[in-house]
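Reader: Got a minute to walk through a model with me? I'd like to go over the sheet, the pockets and the odd backbone spots.
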Amino acid sequence: MTATPSPSPTAKRVLLAAPRGYCAGVDRAVIAVEKALEQYGSPIYVRHEIVHNKYVVQTLERKGAIFVEETAEVPEGSIVMFSAHGVAPTVHAEAAERGLATIDATCPLVTKVHKEAVRFAQDDYDILLIGHEGHEEVIGTSGEAPDHITLVDGPEDVENVEVRDDSRVVWLSQTTLSVDETMETVDRLKEKFPKLISPPSDDICYATQNRQIAVKQMGGQADLVIVVGSKNSSNSVRLVEVALGAGARDAHLVDFAEEIDEAWLEGVSTVGVTSGASVPDVLVEGVLEWLSTRGFEDVELVKAAEESITFSLPKELRRDLRAEAAALGSAE
C-alpha cells in the first residue's frame with residue numbers, strides 16, 4: 001500500500017499594494033522643509049505637522065525643523081512654513097502681522113479646493129464641505145469662506161444640513177476621504193437637494209483614490225491587511241476601512257513594524273501590505289522584513305495604477321533657489 005502524502009502547509013504570501021506611500025504633494029512638502037533648512041539653516045518653524053506621519057516629523061525635527069501648533073509660537077522675524085494640509089487666510093494675515101517670512105507648502109490639490117470655495121462663495125452659493133470636523137485641511141478650506149461653508153461629516157450628518165436656497169448649492173470635499181463614503185454622502189445630499197451641483201473636477205486626490213483601489217483589489221484575497229501610517233493620517237485610516245469593506249478578515253494601522261502583534265498572524269496565509277500617502281517606503285520595507293522572518297517571504301505586487309505626477313517646490317523656495325543658482329553662476 002502506498003502511503004498518502006501529507007498535505008503541504010498553506011503557503012504564506014504577501015500582497016504588496018502599488019501605488020502606496022508618498023504622493024506628489026507629500027514629497028513636495030517634505031523636500032520643501034529639507035531645502036529650506038539647507039537654504040536658510042535651522043531652525044525652520046513649521047505650523048502643524050508638515051504631513052501626518054510620526055517618522056517623517058521626527059526625522060525633520062532632528063534636522064532642525066521646529067513644529068508648532070499656532071503662528072503665535074513662532075518668534076518674530078523667523079521663517080514659518082505652512083503644512084501640506086493648507087491654512088485659512090487668517091493664518092497668512094497673522095504671519096504678516098508678526099513679520100514672519102512664510103513658505104507655503106500646501107498641496108496644490110488642496111489649493112484647488114480652496115480656490116473652488118472662494119469662487120463659489122463669490123457667486124453666493126452655499127457650499128457643503130464633506131470632511132471630518134477638526135481636520136487641518138477642513139479648517140483651512142472652511143476659512144476661505146466661513147459664511148458660506150457648512151461641514152457635512154459623513155452620510156449620517158446630511159439630515160442636519162440646511163441651506164438658504166436649494167437652487168444654489170454645491171458640494172466640495174476634503175481630499176483624503178474614502179471615495180465610497182464620500183459618494184454615499186453626495187447621493188444623500190442630492191436626494192435632499194436635487195439641484196446640488198458638483199465641483200468642476202474631483203476633489204478627492206488621485207493618490208488617495210489609487211491607494212484605495214489597490215487595497216480593494218487585494219482586500220478580498222487577504223486574511224490580514226497591514227496599513228503603514230499614523231493614526232492622525234486621514235487617508236491611512238481610510239485604507240483600513242476600505243480593506244475591511246473589500247473583504248479582508250482583519251486590518252490594522254501601524255507606524256512601525258514593531259507595532260505588529262504576532263497574534264494577528266494566527267491562521268493567516270495571505271497578508272496585504274500598503275501605506276498611506278505620507279509614509280516613506282523605508283517603513284514598508286521594515287514591515288516586509290518583519291513578515292519575512294515569520295515565513296511570509298513570497299511577495300506579489302498588486303498594481304492598481306501608474307503615478308507620474310510631480311509638483312514643483314513652493315514659489316518662495318524656487319525664487320530663492322534660482323537667485324542662489326544665478327549668484328553661483330556669475331561667480332564662476
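Reader: Which residue in strand 3 is the bridge partner of Tyr45?
Author: In strand 3, Tyr45 has Ile66 as its bridge partner. Strands here are DSSP E runs of at least two residues, helices are H or I runs of at least four, and both are numbered from the N terminus. Keep in mind that this is a predicted model, where local features need pLDDT of at least 70, side-chain atom pairs count only at pLDDT 80 or more, and totals for chains, interfaces and linings use all residues. Residues are numbered from 1 along each chain as its sequence is written, and side-chain values use heavy atoms, with hydrogens and water left out.

Reader: How many bridges do strand 2 and strand 3 pair over?
Author: Strand 2 (44–47) and strand 3 pair over 4 bridges, in the parallel sense. Two strands count as paired if DSSP finds at least two bridges between them.

Reader: And what's the strand order in the sheet?
Author: The order is 3-2-4-5, an open sheet of 4 strands with parallel pairing. Strand 3 (65–68) and strand 5 are at the edges with a single partner strand each, so one side of each has no neighbour in the sheet. From one strand to the next, the twist averages 30°.

Reader: Which strands does helix 1 lie across?
Author: Helix 1 lies across strand 2, strand 3, strand 4 (79–82) and strand 5, at about 170° to strand 4. Helix 3 lies across strand 2, strand 4 and strand 5, and runs at about 175° to strand 4. Contact means heavy atoms within 4.5 Å; axes are lines fitted to C-alpha atoms, for helices over the stretch in contact, with angles from 0 to 180 degrees between N-to-C directions.

Reader: Switching to pockets. What's the volume of the largest pocket?
Author: About 340 Å³. Of its 16 lining residues, His92, Asp104, Thr106, Thr111 and Lys315 are closest to the centre. A pocket is an open set of points on a 1 Å grid over the protein atoms alone, where a 1.4 Å probe fits, with protein on both sides within 12 Å along at least five of seven lines; lining residues have an atom within 4 Å of a point. The volume is the space filled by probe spheres set on the points, which are joined across faces, edges and corners.

Reader: Which helix gives the most to that lining?
Author: Helix 4, with 5 residues. Helix 3 (89–97), strand 5 (101–104), helix 4 (108–122) and helix 10 (315–331) each supply at least two.

Reader: And the second largest pocket, what's its volume?
Author: About 170 Å³. It has 14 lining residues, with Tyr22, Arg211, Glu307, Ser308 and Ile309 closest to the centre. Helix 1 (24–40) and helix 7 (206–219) are the elements giving two or more residues.

Reader: OK, salt bridges. How many are there?
Author: The count is 16, taking a side-chain nitrogen of Lys or Arg within 4 Å of a carboxyl oxygen of Asp or Glu. One of them joins Glu34 and Lys63 at 3.1 Å, N to O. Glu34 sits in helix 1 and Lys63 in helix 2 (54–63), 29 residues apart.

Reader: Last thing, the backbone. Which bond joins Ala18 and Pro19, cis or trans?
Author: It's cis, with omega about 5°, and Pro19 lies in the loop between strand 1 (13–18) and helix 1. The Ser42 to Pro43 bond is cis too, with omega near 0°; Pro43 lies in the loop between helix 1 and strand 2.

Reader: What's the phi of His48?
Author: Positive, about 70°, although His48 is not a glycine. His48 is in the loop between strand 2 and helix 2.
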